[in-house]
Amino acid sequence: MRQGRPPEMPADGTPFDGPRVDVEGRLGWLLRVSRLTADDPDNRSLTGFATRLRQTGSPAGTPQISRWETGRLPASDAVFTRYETILGLPAGGLGSVAVGLRSALGAPLPAARPAPADILALRRRYDLVHERLAATDVAGGTWLAFADILRTDGLVVLLPSRYLDELLGRLLDEMMRSVGIAYTTRFTALAMLVAQPELTADVVGAIDAVAHEPGAQGVVDAVSLLGEVGDAPAAGRLLALLAADDAVLRLGAAHALLNMTNLGTLPARHAAAMARILRRLDEHDPAVTVLAGRTPAPLAAPPPPVRRRPPPAADRFALAARARTGLEFDPMLCRLVAEAVGSRYTERRHHAALLLLASPYRAVVAEVATGVAGSDPDAAIRRGAAGLLRYVVGPPQVPVLRRWLRSERPDLRAAALGALPHAGVPAEAVGTDLAAGAGRPPRPTGPLIYAAGMTGHPLLRRWADDPATEPAVRRTARWWLRHGSAVLR
């Protein structure tokens, strides 16, 4: 039988390191590959999927699906939700990445939702969400629904301040310990809430509380949320943190200021002040690295020339990932893998990796990244692959990571400590190899403590109870013992 024409795959034709990327093309790609790799053949068929969509109340036909999946028509939040439901994906698994990508990379959002016409239906939904929030194990999709209700257009949802503070603190705490889609859903929920004017002060207060709790880890992500506010007071608060002595708070502020810079919400006078602060910091400070090239002239060096193509090593990595999929040529897959590994921009690497995490190629990319991080002759590409591995890693990579922990190569030990916390495995899967990752003689560094905390490793109790352990390590170990290990869903 003659085979039908393969579906058009979206491509991003923007320069590799250009000022903008094709956000909608990337999100259309995520929808298309998620559908085309579905187990149910009816979902892989355009006409079959259109029938399923109609069953959920959507009137979309095959032309509209094609336009969503190629990025020619921006898909609304409801479209991402319907794809998740029909394809059996976790609630928010696609939609949270879409919201984050559009927000961080400055893409115009689809038409705003109308005010709810059925208040009784909203109340029923609200009751269901709060019933789920009462459970000890809350899925990220529930937090997204909670945030969506609180920011409902045309309606102010009031909660007792004490109860709201408790929920926000819990959401932040879980975000700081979450991995994979559990992370993207919680971060997106918080980004939605902090950008809501009626709730900004509450969320900022909750961020301040968790960021200053003794021994807390995961603070960088919490502080970076302040970049979603996008006003002068937030910029002033972030500049104060950027100038502070605490390196963790500086790094979080740098990520927040980077977001404001990219979106054009950082006032000019604050941008100039940011440049002056960066000049006073050590050139190797991570905050300086994050904001490199983002300060206004003449205080900043001229930006490097735009690369239209990925660096050769990144391109080689992308081709290896493509070969492992066994599918037809997918230019977007190659672009995202190369970007996650080889882009000079922090936010490009981050968002490309998040798209790969949410895609059906996650397991394949993790397998390739492990091989490249361990053996590629190019040191820069090994580092890039190790960074990508932190996003896409899963239990199948743990045996290799355990071997790396005992390696004589510091780069392999560092890569293992960076990836293990995100693999979603308990301490038993890591065993006694974790301590070896600290080097010789062993010393509980920040990455080692984080890996122990995320896996719930017995080392935490030893550090917390041993009077000979330095005070900062004891505080962090006790923080993990109070808060618990990784949040996985």
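Helices and contacts in a predicted model

V99 has its place in helix α6, and this residue makes a convenient starting point for a walk through the structure, which is a predicted model. With a relative accessible area of 26%, V99 counts as partly exposed, because the range for buried residues ends under 20%. Not counting residues up to four places away in sequence, V99 touches D77 and T188. A much longer separation can also be given for this residue: V99 and V473 are 374 residues apart in sequence, and their C-alpha atoms are 36 Å apart in space.

The helix around V99 is worth viewing as a whole. Helix α6 covers residues 95-104, and seven of its 10 residues are buried, so the helix is largely enclosed by the rest of the structure. The buried residues in question are G95, S96, V97, A98, L101, R102 and A104. Among the elements that cover them are α1 (23-36), α5 (77-87) and α8 (140-150), and the cover also includes α10 (180-194), α14 and α19 (346-358).

One of those covering elements, α14, leads to a pair of helices. Helix α13, made of residues 232-242, and helix α14, made of residues 247-263, have axes that come within 8 Å and cross at roughly 140°, and the crossing is left-handed. On the side of α13, the residues that take part in the contact are A235, L238, L239, L241 and L242, and in α14 they meet L249, R250, A253, A254, A256, L257 and M260. Sorted by character, the residues of this contact comprise 11 nonpolar, no polar and one charged.

A further helix shows how burial can be arranged around an axis. Helix α22 spans residues 398-405, and its buried residues are V398, L401, W404 and L405. Seen down the axis of α22, these buried residues fall within an arc of 115°, so they line one face of the helix. A general property of helices helps in reading such a pattern: with 3.6 residues a turn, residues three or four places apart in an α-helix point the same way. The cover over the buried residues of α22 includes α20 (362-375), α21 (379-392), α23 (410-419) and α24 (427-430).

From α23 the path can be followed to another helix by way of a single pair of residues. L448 lies in helix α25, which runs over residues 446-455, and L448 is buried, with a relative accessible area of 2%. The C-alpha atoms of L448 and A414 are separated by 9.1 Å, while the two residues are 34 residues apart along the chain.

The last stop is helix α9, which is formed by residues 161-176 and contains D173. G169 also has its place in α9, and with a relative accessible area of 24% G169 is partly exposed. Between the C-alpha atoms of G169 and I207, residues that stand 38 residues apart along the chain, the separation is 7.8 Å. D173, by contrast, is buried, with a relative accessible area of 13%. Leaving out residues up to four places away in sequence, D173 touches W479 and H483, and with H483 there is a side-chain polar contact of 2.6 Å.

Beyond α9 comes the loop between α9 and α10, and R177 lies in this loop. Is R177 buried or exposed? Its relative accessible area is 7%, and R177 is therefore buried. Apart from its neighbours within four places in sequence, R177 is in contact with M454, W479, W480, H483, G484, S485, A486 and V487. W479 and H483 thus appear among the contacts of R177, just as they appear among those of D173.

How values were computed:
Residues numbered from 1 in each chain as written. Predicted model: local features only at pLDDT ≥ 70, side-chain atom pairs only at ≥ 80, totals over all residues. Heavy atoms only, no water. Helix = DSSP H or I, 4+ residues; strand = E, 2+ residues; numbered from the N terminus. Buried < 20%, exposed > 50% of the residue type's maximum accessible area, 1.4 Å probe, protein only. Polar contact = N/O pair within 3.5 Å; in protein donor to acceptor, adjacent residues only side chain to side chain. Contact = heavy atoms within 4.5 Å. Arc of directions from axis to C-beta. Axes fitted to C-alpha atoms, helices over the stretch in contact; angles between N-to-C directions. Left-handed = near helix turned anticlockwise from the far one by under 90°. Nonpolar A, V, L, I, M, F, W, Y, C, P; charged D, E, K, R; others polar.
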